[in-house]
Amino acid sequence: MLRIYDTRTRQVEEIAAGRALRMYTCGPTVYRHAHVGNLRTYLLSDLIRRVLERRRVRVVACQNITDVGHLIEDPSGEAALGDVASGEAASRQAVSHEGEDKVLAQARAEGRSPLELARFYESSFRSDTAALNLRPPEHTPRASESIDLMVELIAKLIEKGHAYAVPDGSVFFDARTFPTYGEISGNRLDALKPAHRIDAVDPRKRFHADWALWKPSSEGELTWDTPWGRGFPGWHVECSAMSLRFLGSSFELHIGGIDLRFPHHEDERAQSDSAAGHEVVRHWVHGEHLLFDGRKMAKSTGNVVLLSDVVAAGLDPLAVRMAFLEHRYRQQLNLTWDTLKAADRTVRRWRTRVAEWSESISAPMATAYAERVESAFDDDLDTPAALRILRELERDESVAPGAKFETFLHLDQVLGLDLSADIGKARVLPAGAGELLEARARARDAKDWEAADRLRDELAEMGVRVSDTSEGQTWA
Ligand code: AMP
Ligand code: ZN
């Protein structure tokens with residue numbers, strides 16, 4: 001069974017799944033195209049799912065869409081808005097003050113309505129994840145359509161004494177009512193220093209580390225009426241509300257990029273556990289960052305690579321998946337164009353091999369190899385080891401081609417590299433052409449050039465182009 005590193009307990013733990021497993025992944029903030037760094041985190045969820053499904057575990061996945069409430073100041077890896085798809089003019093206008101909603105700021109910069117913008121980037125995200133063969137989660141709730149769940153959760157937290165409303169219409173979580181705060185990241189409350197920004201002096205808070213569950217605002221299409229006044233939700237409360245509703249008050253896995261450990265996941269844990277009265281999430285799993293040119297890939301750093309850039313460079317989108325698999329999810333990965341090109345070559349070579357092997361006499365799967373690869377997957381997703389074993393199998397001449405074919409296709413259920421894509425694209429001769437080729441070979445042996453030429457013309461009419469080489473005739 002799958003063993004995976006649990007950030008909270010700081011050890012590799014066996015995932016006790018039973019027959020079904022529920023997992024939540026913090027979804028994208030849809031105010032720009034996802035970059036391949038974001039996609040690396042979503043691949044982590046997909047891999048976990050595929051490895052578990054191979055063990056006959058039914059997986060129910062929920063991955064939200066954040067289309068409101070994610071502020072520019074929220075530490076999620078994006079400090080500021082920058083190079084948007086619509087170009088420089090937009091990026092000049094997008095300079096906005098701290099604390100502004102990412103979707104709203106970008107909508108203004110692109111001259112679109114916030115919801116129009118959010119739906120556009122959500123659909124771009126769906127195409128990217130489909131191109132990477134990420135299986136669609138069962139539930140993909142949008143934050144803007146789940147406001148009632150958040151209001152319900154906030155009311156419950158107030159009722160239980162974990163949150164408090166203030167006169168301006170804000171509601172804050174009372175951090176000190178959750179004594180185990182900080183277990184995921186190690187940032188315990190007593191060690192947290194007041195931030196030097198607004199938090200230090202915010203007179204509305206009882207304690208500097210309290211955070212907003214609801215924020216007052218009366219403008220635009222992304223605000224709602226609540227018992228505390230008109231406004232919009234805090235980003236952290238969205239995930240708690242949606243995960244509790246779609247997965248229930250106890251679920252096995254919660255997944256995200258490493259930057260979400262603090263404060264996002266600490267805050268989520270505090271909210272969910274306080275509402276439920278017990279530990280809601282069994283395991284917290286985090287993927288390490290993707291770097292590009294040695295720095296964390298982020299829009300604010302300006303080193304973003306999109307999946308569309310990879311395709312425009314003539315590479316298969318699944319080369320990205322391959323490049324990610326070459327590194328374990330818990331290692332930082334410094335991506336380069338050379339890495340991507342090498343991954344592209346491997347994917348294409350394996351597809352050709354699989355197509356060639358598919359034409360050999362069938363043979364049972366090479367189970368010893370398959371088991372080794374599957375143990376590598378189970379061992380905290382050791383995908384680099386899995387790929388090394390597959391390369392060994394590719395070279396092993398003692399294994400029949402038919403067995404290699406079965407093994408690669410079986411493992412592709414987890415790898416998701418479309419390794420069967422080239423099967424059938426192999427050269428197939430039209431009916432009768434084989435006999436004509438044989439007759440032509442005999443004519444050439446008999447030095448009957450006239451017959452050989454006539455047969456070549458006949459073959460050309462059937463669409464088969466024959467050429468003569470020092471090793472005999474070949475065709476295309
Ligand atoms: P966002 O759309 O900004 O909310 O981020 C979506 C996901 O991408 C989150 O789980 C982040 O932790 C993750 N993420 C952001 N930047 C990177 C990166 N450079 N490498 C890997 N994951 C990232
Ligand atoms: Zn979240």
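Hi everyone. For today, a salt bridge is a side-chain nitrogen of Lys or Arg within 4 Å of a carboxyl oxygen of Asp or Glu. By that rule, five salt bridges cross the interface of domain 1 and domain 2. Please keep in mind that we are looking at a predicted model.

Let me lay out the architecture. The protein is divided into two parts: domain 1 covers 3-291, and domain 2 covers 318-475. Their C-alpha centres are 43 Å apart. How much area do domain 1 and domain 2 bury between them? About 2500 Å², with 59% of it on carbon and sulfur atoms. On the domain 1 side, Arg-40, Arg-54 and Leu-291 lose the most area to domain 2, and together they make up 23% of what that side buries.

In terms of contacts, 28 residues of domain 1 meet 26 residues of domain 2. Now back to the charged pairs for a moment. Arg-54 comes up again here, since its side chain forms a salt bridge with that of Asp-378, at 3.8 Å from N to O. Between the two domains, 18 residue pairs are in polar contact, both partners at pLDDT 80 or more.

Which elements supply the side of domain 1 that touches domain 2? Four of them give at least two residues each: the strands β1 (3-6), β10 (281-287) and β11 (290-292), and the helix α1 (36-54). The one that gives the most is α1, with 11 residues. Sorted by class, that side of domain 1 has 16 nonpolar, four polar and eight charged residues.

Next, the ligand, which I know some of you have been waiting for. Ligand 1 is surrounded by 18 residues, and the closest are Gly-37, Thr-41, Asp-259, Leu-290 and Met-297. Let me walk through three polar distances. In Asn-38, a side-chain N or O atom sits 3.0 Å from an oxygen atom of ligand 1. For Thr-41, a polar side-chain atom is 2.8 Å from a nitrogen atom of ligand 1. With Leu-290, a backbone N or O atom is what lies 2.8 Å from a nitrogen atom of the ligand.

Let's zoom out to the whole structure, which holds 43 salt bridges. One I'd like to show you pairs the side chains of Glu-138 and Arg-49, at 2.7 Å from N to O. Why pick that pair? Glu-138 lies in the loop between α4 (114-131) and α5 (147-159) while Arg-49 is in helix α1, so the two tie together parts that are 89 residues apart in sequence.

I'll finish with some backbone geometry, for those of you who like to check torsions. Which peptide bond is cis? The one from Phe-262 to Pro-263, with omega near -5°. Pro-263 belongs to helix α7, residues 261-276.

There are also two positive phi values to look at. Asn-133 is not a glycine, yet its phi is positive, at about 60°. Asn-133 sits in the loop between α4 and α5, where Glu-138 is also found. Leu-381 is not a glycine either, and its phi is positive at about 50°. Where is Leu-381? In the loop between α11 (367-378) and α12 (383-395).

That's my tour. Thanks for listening, and I'm happy to go back to any of these spots on the screen.

Definitions and conventions. Residues are numbered from 1 along each chain as its sequence is written. Chains are lettered from A and ligands numbered from 1 in the order in which they are written. This is a predicted model: local features need pLDDT of at least 70, side-chain atom pairs count only at pLDDT 80 or more; totals for chains, interfaces and linings use all residues. Side-chain values use heavy atoms; hydrogens and water are left out. Domain bounds come from an automatic or database domain assignment. Contact means heavy atoms within 4.5 Å. Buried area is the accessible area (1.4 Å probe) that two parts lose on being put together, summed over both. A polar contact is a pair of N or O atoms within 3.5 Å; within protein, one must be able to donate a hydrogen and the other to accept it, and residues adjacent in sequence count only if both atoms are side-chain atoms. Helices (H or I, at least four residues) and strands (E, at least two) are DSSP runs, numbered from the N terminus. Ala, Val, Leu, Ile, Met, Phe, Trp, Tyr, Cys and Pro count as nonpolar, Asp, Glu, Lys and Arg as charged, and the others, Gly among them, as polar. A residue is near a molecule or strand if one of its heavy atoms lies within 4 Å of it.
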